[in-house]
Amino acid sequence: MQLSEVKEKMTHIRSKDDLALLDAAYDLARKAHGSQQRVSGESFISHPLGVALILTELELDIVTIVASILHDVVEDTDISLEEIRATFGNEVALLVDGVTKLSRLEFHTKEEQQAENLRKMFLAMAKDIRVILIKLADRTHNMRTLEHLPKEKQQEIARETLEIYAPLAHRLGIYKIKSELEDLAFRFLNRRQYYYLAEKLAKKKQERDEFISNVKGILSEKLEEAGVKADIQGRSKNLYSIYGKMREQGKDIHEIYDLMAVRILVDSVKDCYGSLGIVHTLWKPIPFRFKDFIAMPKPNMYQSLHTTVVIGKNELLEVQIRTWEMHRTAEYGIAAHWKYKEKVKDREEFNEKLSWLRQLLEWSQDFGDAHELMEHLKIDLFTDDVFVFTPKGDVIDLPAGAIPLDFAYRIHTDIGHRCVGAKVNGRLVTLDYELKTGDIVEVLSSKQSSPSRDWLKTVKTSQAKSKIRSWFKKEKREENILKGKEILERELKKLNIEPHLVLKESLLLEIGKRFNLLTEEDVYAAVGYGGVSSQQVISKMKDELKKVLPAEKLPATVHTAELKPLPKKATEGVKVDGISNLLIRFAKCCSPVPGDDIVGFITRGRGVSIHRRDCMNLQNKVKESSESGKGDRLLDVSWEDSETGSYPVDIEIMGIDRPNLLMEIMNVISDRKVNITAVNGRTNKDKTVTLHLTVVIKDLNHLELVINGLNRVKDIFSVRRHLQQ
């Protein structure tokens, strides 16, 4: 890609000064990146040029395009931000800094790094929305060239794109980028389904084209008769939205009928409603599928009329009707309205459209824990919206699943704190009633009322959670300190750790730094009001305790309960028939334990690897060895009679996602005197959760005891030994 391609697309920027600035940015970026190459083998400069090209299609200003060409210079070369500021000014430097990752800081986990990068990006977005426009263009170009990365990295980036960046593009109303990001991520996360759908749609393309052509012909004739000047376009739904509909409805593609859509573009709002009348005269509309986003725009400024009609033999057709200006906003979202920042009369309206961003920034600062921030980010911003009304007719948008308490806190913090009940459509409802689009909500409050801790389990929005926690933090600090200390002491005793060994001011201060807590009392209070979980603090305590106490003074549980793999002694618990003094290690792929049928495999330079006989990985190794003519590398081995060994085993747990599920699982394992060395999990879109635990057990009977206990936990439907094949 050449700079000339970018310039050709910049039809909206033609001044000599602007083009000279662009040339200067390109020269600096090309020299700074020098001989750097992308994984594909292309010169690195092709990437910033690709990002700039995407932004020119959004018709953004010269400052944004210049910043996009320089966006990787500070992160990947020796050029400093001060040099950028000196040459190109504060505005360009602000944008470059906002996009630059926090890669030079030290983070304890990948999730913590991701959360802090997003937090920084939100802060920069609040100052200048163009930061996220550059970031979205950057992600789009990276996704277009993702096939050159290793498969594991492809999946990681694609999942982040689908969970964060595509919904963020949706929130900003940039549907052009949102749809492309969704489909690209879908292709790398589920190739089989992606190509299956693509093939099915390609086979029926001619049939669909003929159907749309006939519909356009009928509509054109009727609209012309009515004196409405219109442009009618066929519209294909993106593959990921079709896949989502298939999963949601439990159907195959041939059972999804509304795959076809047309869009009618007209000159005025009056013509929008006139066109709607003609569509409904021609074909029968489906009840409850009509949406008026012109009278009630989405928070991202999207406006359009949507209706679904039945044509011919039960063929469903979605029709969207909008003006040309509405269409521009639908395609480019906030980017289409950036120019309004320059007009004083429209600045207030523009800022109002970004009020959700200020809320996002506000509550993102309240979550010290990276995992909690990421989870609430996905829930609060990136779920479907419901639109409800105040008694005065004002529209309030909330995430799907929101309850009256979320509504109350959205109106005002004090109204939320004093809420005692609610009326929906004139009828009294419980505070956990799930609101639906169109509901008229009235909050009932009392001056004597105050928040309940149970509210934290029921509210949906992070805004409400943040306000409730702040109230407990401020109003009941002493109570929270005592409660937090009590919780930590109880949990430590369960691990056979004496609280007085751990609950020391110096140690708590060190741990507190990781959660942005400044004092010992802050740590106790945070545990007390739920800002930090006891498990998070205790896991950090184990690390810190090892730093301050000599090994001989550590409680036994601290040696074994650390959150990382345990070192294994060379020959502990296993003997090789007829041979002694061999280096022995246990294979991680099948994690054998006493009671398993085992066999030894001679490795190159790493001694004997102990596997379960039914291990697929072992069978593959034996096959490869045999095919290469290297003979039999198996050895007979057996377990020694010992009750002192301890062995790590991976367990996979699947269940229904709900509050306190992880805590109940931990309690079951703790009650059986079992240590956990690793925990990770994910929440699935079908509201299930998959957890992987590594536990340290004595033998097969001990493992069965743990699995049987976990199977009795409510909402757990699968517990099995997990093999890393």
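Which residues does Q193 touch, not counting residues up to four places away in sequence? Look for F186, Y243 and M246. The legends below start with the whole chain and come back to this spot; keep in mind that this is a predicted model.

**View 1. The whole protein chain, end to end.** Here you have 725 residues, with 32 helices and 21 strands among them. Buried residues make up 49% of the chain. Take the contacts between residues at least 6 apart in sequence: 65% of them join residues at least 24 apart. On the outside, the accessible surface comes to about 36600 Å², and carbon and sulfur atoms account for 49% of that.

**View 2. Inside the largest nonpolar core.** This core has 72 residues, and the ones touching the most other members are L55, L70, I84, V92, L136 and M143. Helix α10, residues 151–171, gives the most to this core, with eight residues. Zoom in on L70 and you'll find it touching A25, L28, A29, I84, F88, V92 and V96, leaving aside residues up to four places away in sequence. In general, nonpolar side chains in soluble globular proteins tend to be buried together.

**View 3. A second core.** Separate from the largest one, this core holds 35 residues. Among them are V459, L503, V537 and I538.

**View 4. Helix α11 and its neighbours.** α11 runs over residues 175–189, and its end C-alpha atoms are 21 Å apart, which agrees with the 21 Å that 15 residues should span at 1.5 Å a residue. The helix is mostly covered, with eleven of its 15 residues buried. Those buried residues include Y175, I177, L181 and F188, and also K178, E182, D183 and R187. What do the buried residues of α11 pack against? Their partners are α3 (46–57), α9 (130–144), α10, α12 (191–203), α14 (239–249) and α16 (324–332).

**View 5. Back to Q193.** You'll find Q193 in helix α12. Is Q193 buried or exposed? Its relative accessible area is 17%, under the 20% cut-off, so Q193 counts as buried. One of the residues it touches, F186, is itself a buried residue of α11.

**View 6. Cysteines without a disulfide.** A search of the whole structure turns up zero disulfides. For C590, the nearest cysteine sulfur belongs to C615 and is 3.8 Å away. A disulfide needs the two sulfur atoms within 2.5 Å, and C590 is in none. C590 is buried, with a relative accessible area of 2%. C419 counts as buried too, at 2% relative accessibility.

Terms used: Residues are numbered from 1 along each chain as its sequence is written. This is a predicted model: local features need pLDDT of at least 70, side-chain atom pairs count only at pLDDT 80 or more; totals for chains, interfaces and linings use all residues. Side-chain values use heavy atoms; hydrogens and water are left out. Helices (H or I, at least four residues) and strands (E, at least two) are DSSP runs, numbered from the N terminus. Buried means under 20% relative accessible area, exposed over 50%, partly exposed in between (1.4 Å probe, protein chains only). Contact means heavy atoms within 4.5 Å. Accessible areas come from the Shrake-Rupley method with a 1.4 Å probe; for residues, only the protein chains shown count as cover. A nonpolar core is a set of buried Ala, Val, Leu, Ile, Met, Phe, Trp, Tyr and Cys residues joined through side-chain atoms within 4.5 Å. The expected span of a helix is 1.5 Å times one less than its number of residues.
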